[in-house]
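Work through the exercises below with the model open. Try each task before reading its solution.

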2 protein chains.
Amino acid sequence: MVFTPETNVNEAIDVMPTTLKELAARANVHPSTISRVVNQDPSLRIGQATRTRIEALLRETEYRPNGVARGLKLRQTLVLAVVIPDITNPFFGGLFRGIEDGAAQRGYQVLLCNTDGSPDRQRAHLHSLIARRVDGVILASSFLKDPAVRWLRHQHLPYVLVNRFSDEGLDPFVVSTGVLRRRGYQAAMAESGLPARPELQPESGFVEEGGIRAMERLLALPEPPTAVFAVTDMVAVGAYAVARRLGLRVPEDLAIVGYNDIPLAARLIPGLTTVHVPIHEFGSAAARLVLEQIDTGHVTPKRVVYTPELVVRGSSAAGTEERAAVHVASRGVGE
Amino acid sequence: MVFTPETNVNEAIDVMPTTLKELAARANVHPSTISRVVNQDPSLRIGQATRTRIEALLRETEYRPNGVARGLKLRQTLVLAVVIPDITNPFFGGLFRGIEDGAAQRGYQVLLCNTDGSPDRQRAHLHSLIARRVDGVILASSFLKDPAVRWLRHQHLPYVLVNRFSDEGLDPFVVSTGVLRRRGYQAAMAESGLPARPELQPESGFVEEGGIRAMERLLALPEPPTAVFAVTDMVAVGAYAVARRLGLRVPEDLAIVGYNDIPLAARLIPGLTTVHVPIHEFGSAAARLVLEQIDTGHVTPKRVVYTPELVVRGSSAAGTEERAAVHVASRGVGE
DNA sequence: CTGAAAGCGCTTACAG
DNA sequence: CTGAAAGCGCTTACAG
């Protein structure tokens, strides 16, 4: 199929993709010679006149080696893939930017795959990525016991997990020590001699709707809590909504603490006390880990672990609305 | 370079990418026969036994045709690219999801390129995409007179513009009639017999910081306005921040109206009156337009134009906090 | 009908 | 030193 524009503007010439063969014919040299000029092969000895002629031709035609052919020959596509639940979630937006920045330095482009947390969609994406021979995959799966992880481990493809500990300690990953949020909550409650009954720990998932449901269940308890720790800022946003609807003041009637410190957190009223996670760095670290595997040719189950920081704002009793930004080293909760 | 996992789990076998040639050797047939089985070529007549043997082999090895080789032969990569300023902006997150959904139906994957509004980064991305032979590009450029658009027009590559009218009326695009926001504002002011002096229309760009600066300039005027129309919701968020800092009540002292209806708009306090743009549909329409060009093999400067709807919330005097969601057909502002 | 060959557009080891 | 050839892994028109 030939791509022919119906509207042709006279002022400018359409530039068609050229091939080495065509250029070679025009320059009266062998295609390999052109290739060597393009790739600046230092071992290439040709006359200055010929070289100049070829370089002029290259500029004139705006020649760019066909990346597909190059990829086939060189066995590398210079493509990374990112598999996440939903880019609409600001947490993943920041993550992607970090990955892209890390990848761009090395000439990589990045495919983005959203799964909406569906194992089927995730599997379909992963199969497609394998077939396309992407050079590496960064997976931020939302489900904990993800069979895809085990599968990925045997696919002969560099990969890195983000924001989840590995099931079996074999996978390279990037996390903050805060991933084990439930455990951290339980430890803190125990330390303070407070109860941490199961009904005080309803499942919320990671987005707003789940936060609403969980908060409603909590407030329906005989002894409703006066403070909640939400697993993510988006879940905290759901808690805000419920509090507001029921006329509860934050933090006087209900203190709320979130997790991630997405941009929205600072804009809520009152500002959300939350745990700051360096999401952009997560992304670039993840990119670095895959690229390292690509370079060395083998999977190093290396890990990058960040220590998150508490950012105190108005939503917790201790906070002030003036964004006091008190940074407190987080309690380490090892696996 | 061979990719060798250092850690080998005994329970499962690593699956290496296989080739047609290897399979052919194992099945004792010609590679082309395997290819025909994979692609379900109806003209292929082979014995049932052979076919069964091949199919078993295919399953056993989890064979997936090398997409790169396929792409080279077939001259299509099944890759689309999206070039936007910043995926962190929820507007573009929604757009991407729409595009991905439209693309996935046809077996396409999508590369995401962020430019941060930098012409240099945009150019670098575009060059890279051309070299990779992506099948189509969707460009949501932030600058109006973008030279990249003219350049793109001559690159022999299907493309679609999103949320901007074409400079010269030659490009396929997807917009809402609301893109011409400044013009709409001016028309409405004229109709109401109100002044629309230049100092009442400061440049804000499209994100929060610009909204803060613009709002500060407006409020420093001898006769500051009591109502503002922000070019995007994010700019409106900046206006909220300034109002709050100066102790101005919204909407009593300052009414604010935004544009786009990003998820955040409904969560602001008071809720932001804004113009709802069907961003997900923008995305899928854009995908449809590129795919159509890819299918037909020529650029059809077709346009998809959506009529946006006004969503009245608490930030405008007319609104109620109960999200009255009054939908008013927008004033058409033709080019 | 069926199998073998050409060719997509590159890169680079190798023969001259 | 330099040019021609092999080969990456596919698909499909074509000869037998």
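A residue is near a molecule or strand if its C-beta atom, placed from the backbone, lies within 6 Å of it. The model is predicted: local features need pLDDT of at least 70, side-chain atom pairs count only at pLDDT 80 or more, and totals for chains, interfaces and linings use all residues. Residues are numbered from 1 along each chain as its sequence is written, while chains are lettered from A and ligands numbered from 1 in the order in which they are written.

**Exercise 1. The DNA surfaces**

Task: find which residues come nearest to DNA strand C, and which elements give two or more residues to the surface near it.

Solution. Start with strand C. There are 23 residues around DNA strand C, and L20(A), S32(A), N66(A), A69(A) and R45(B) come nearest. Next, assign elements. Helices (H or I, at least four residues) and strands (E, at least two) are DSSP runs, numbered from the N terminus. Two or more residues each come from α2 and α4 of chain A and from α2 and α4 of chain B.

Now turn to strand D. It is surrounded by 23 residues, the closest being R45(A), L20(B), S32(B), N66(B) and A69(B). Helices α2 (31–38) and α4 (67–74) of both chain A and chain B each supply at least two residues there.

Finish with classes. Ala, Val, Leu, Ile, Met, Phe, Trp, Tyr, Cys and Pro count as nonpolar, Asp, Glu, Lys and Arg as charged, and the others, Gly among them, as polar. The surface near strand C has 9 nonpolar, 9 polar and 5 charged residues. For strand D the division is 9 nonpolar, 9 polar and 5 charged.

**Exercise 2. Chain against chain**

Task: how many residues does each chain give to the contact, and which element of chain B has the largest share?

Solution. Two residues are in contact if their C-beta atoms, placed from the backbone, lie within 7 Å. Chain A gives 56 residues and chain B gives 56 residues. On the side of chain B, two or more residues come from each of α4, α5 (90–104), β2 (109–114), α6 (119–131) and α11 (263–267). The largest share, 6 residues, belongs to α5(B). By class, this side holds 29 nonpolar, 18 polar and 9 charged residues.

**Exercise 3. A helix pair across the chains**

Task: describe how α4(A) packs on α4(B).

Solution. Take the geometry. Axes are lines fitted to C-alpha atoms, for helices over the stretch in contact, and angles run from 0 to 180 degrees between N-to-C directions. The angle between α4(A) and α4(B) is about 140 degrees, and their axes are 9 Å apart. Angles under 35 degrees count as roughly parallel, over 145 as roughly antiparallel, 65 to 115 as roughly perpendicular and the rest as oblique. Therefore α4(A) is oblique to α4(B).

Then list the residues. V68(A), A69(A), G71(A) and L72(A) meet V68(B), A69(B), G71(B) and L72(B). This contact has 6 nonpolar, 2 polar and no charged residues.

**Exercise 4. Backbone exceptions**

Task: where are P251(B) and P270(B) found?

Solution. The peptide bond from V250(B) to P251(B) is cis, with omega near 5 degrees. P251(B) sits in the loop between α10 (233–245) and β7 (255–257) of chain B. The bond joining I269(B) and P270(B) is also cis, with omega about -5 degrees. P270(B) lies in the loop between α11 and β8 (274–276) of chain B.
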